[in-house]
Amino acid sequence: MSGIDYQNRVGHKTGSGAPATAQEWNLERKERLRRLALETVDLNKDPYFMKNHLGHFECRLCLTLHVNEGSYLAHTQGRKHQTNLARRKEKEKAESAVAPVPAKVAPSRVGFTVKIGRPGYRVSKLRDPDSLQKALLFEIDYPEINEGAKPYHRFMSSFEQRVESPPDTKYQFLLFAADPYETIAFKIPNMEVDRSEGKFYSNWDAEKKVYTIQLFFL
């Protein structure tokens, strides 16, 4: 008579002879999802993934901290992150007027520079948790900027531009320029920008070639 294999039965942990608990199955499932995500997900394309100055990882959507990329990826598979993603999509639909829209800019006739196209960019919508002020974060990539040059920005009213007619007074434009790239503009709400300390931030990272602007609306 053959013996009964207690170790390899379904629902038992190998080598223990004891049934696996629901908690252990859940932990194993999360670990499988984490490993799969590490192999398939490009975090550089995740708009909510951010590494802070302490070397930890943050979820901009859920405002959570994580000690490593695996922990962050496991978080993105969880109920809290997925629920917040669904809420964010609904909120973006309701607040579509706040979203900046890339706009065309009439070419300048002063001087001549051979342009190499439009720069890459990322735009994030933020909100101050204390004042509830709405904010926009612009990150413009200029990897081929001219040696020694720096990007610059300026605000333009709807009456200054010559592309849209008649001008829409509900919007203004935020322009970014750096040779040899084409000037790009974003159509943003015509609301007063908060220029108090800590509310308006601009920075040119010459090493990474990224120009950053963060602004809050009053």
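1. The largest pocket holds about 1500 Å³ of space, a value that, like every other in this note, was computed from a predicted model. Its lining comprises 39 residues, and those that lie nearest the centre of the pocket are P47, M50, R60, S124 and L137. Two or more lining residues come from each of β1 (49-51), α3 (79-94), β5 (120-127), β6 (134-141), β11 (201-205) and β12 (210-217). Of the elements, β5 gives the most to this lining, namely six residues.

2. As to the class of the residues that line the largest pocket, 18 are charged, 15 are nonpolar and six are polar. Where does the largest pocket lie with respect to domain 1 (22-96) and domain 2 (118-214)? Since residues of both domains take part in the lining, the pocket lies between them.

3. For the protein as a whole, the secondary structure consists of three helices and twelve strands. Buried residues account for 32% of the 218 residues in the protein. Among the contacts with a separation of 6 or more, 50% are made by residues that are 24 or more positions apart.

4. Strand β12 deserves a point of its own. Seven of its eight residues are buried, and β12 is therefore largely enclosed by the rest of the structure. Its pairing with β6 is antiparallel and runs over seven bridges, while the antiparallel pairing of β11 with β12 runs over five bridges. The short strand β10, made up of residues 193-194, also pairs with β12 in the antiparallel sense, in this case over two bridges.

5. The register of these pairings can be read from individual residues. F216 of β12 is the bridge partner of A135, and F216 is also the bridge partner of D194. On the side of β11, Y201 stands opposite Q214 of β12, and N203 has T212 of β12 as its bridge partner.

6. Two residues of the loop between β5 and β6 can be taken together, namely D128 and Q133. Are they buried or exposed? D128 has a relative accessibility of 14% and Q133 a relative accessible area of 13%; the cut-off for a buried residue is under 20%, so D128 counts as buried, and Q133 is buried as well.

7. The contacts of these two loop residues can be listed once their neighbours within four places in sequence are set aside. D128 is then in contact with Q133, K199 and F216. For Q133, again without residues up to four places away, the residues touched are L126, R127, D128, D194, K199, F216, F217 and L218. One of these, D194, is 61 residues from Q133 in sequence, whereas the C-alpha atoms of Q133 and D194 are 9.4 Å apart in space.

8. Some backbone geometry should be checked by eye, given that most residues other than glycine have a negative phi, and most peptide bonds are trans. The peptide bond that leads from D179 to P180 is cis, and its omega is near 10 degrees. P180 belongs to the loop between β8 (171-177) and β9 (184-189).

9. L63, a residue other than glycine, has a positive phi near 60 degrees. L63 is located in the loop between β2 (57-59) and β3 (64-66). With a relative accessible area of 69%, L63 is exposed, the cut-off for that class being over 50%.

10. K209 is likewise not a glycine, and its phi is positive at about 60 degrees. K209 sits in the loop between β11 and β12, two strands that form a hairpin with four residues between them. The relative accessibility of K209 is 27%, so K209 counts as partly exposed.

How values were computed
Residues are numbered from 1 along each chain as its sequence is written. This is a predicted model: local features need pLDDT of at least 70, side-chain atom pairs count only at pLDDT 80 or more; totals for chains, interfaces and linings use all residues. Side-chain values use heavy atoms; hydrogens and water are left out. On a 1 Å grid over the protein atoms alone, a cavity is a set of points where a 1.4 Å probe fits but cannot get out, and a pocket is an open set with protein on both sides within 12 Å along at least five of seven lines; lining residues have an atom within 4 Å of a point. Grid points are joined across faces, edges and corners, and a volume is the space filled by probe spheres set on the points. Ala, Val, Leu, Ile, Met, Phe, Trp, Tyr, Cys and Pro count as nonpolar, Asp, Glu, Lys and Arg as charged, and the others, Gly among them, as polar. Domain bounds come from an automatic or database domain assignment. Buried means under 20% relative accessible area, exposed over 50%, partly exposed in between (1.4 Å probe, protein chains only). Two strands pair if DSSP finds at least two bridges between them. Contact means heavy atoms within 4.5 Å.
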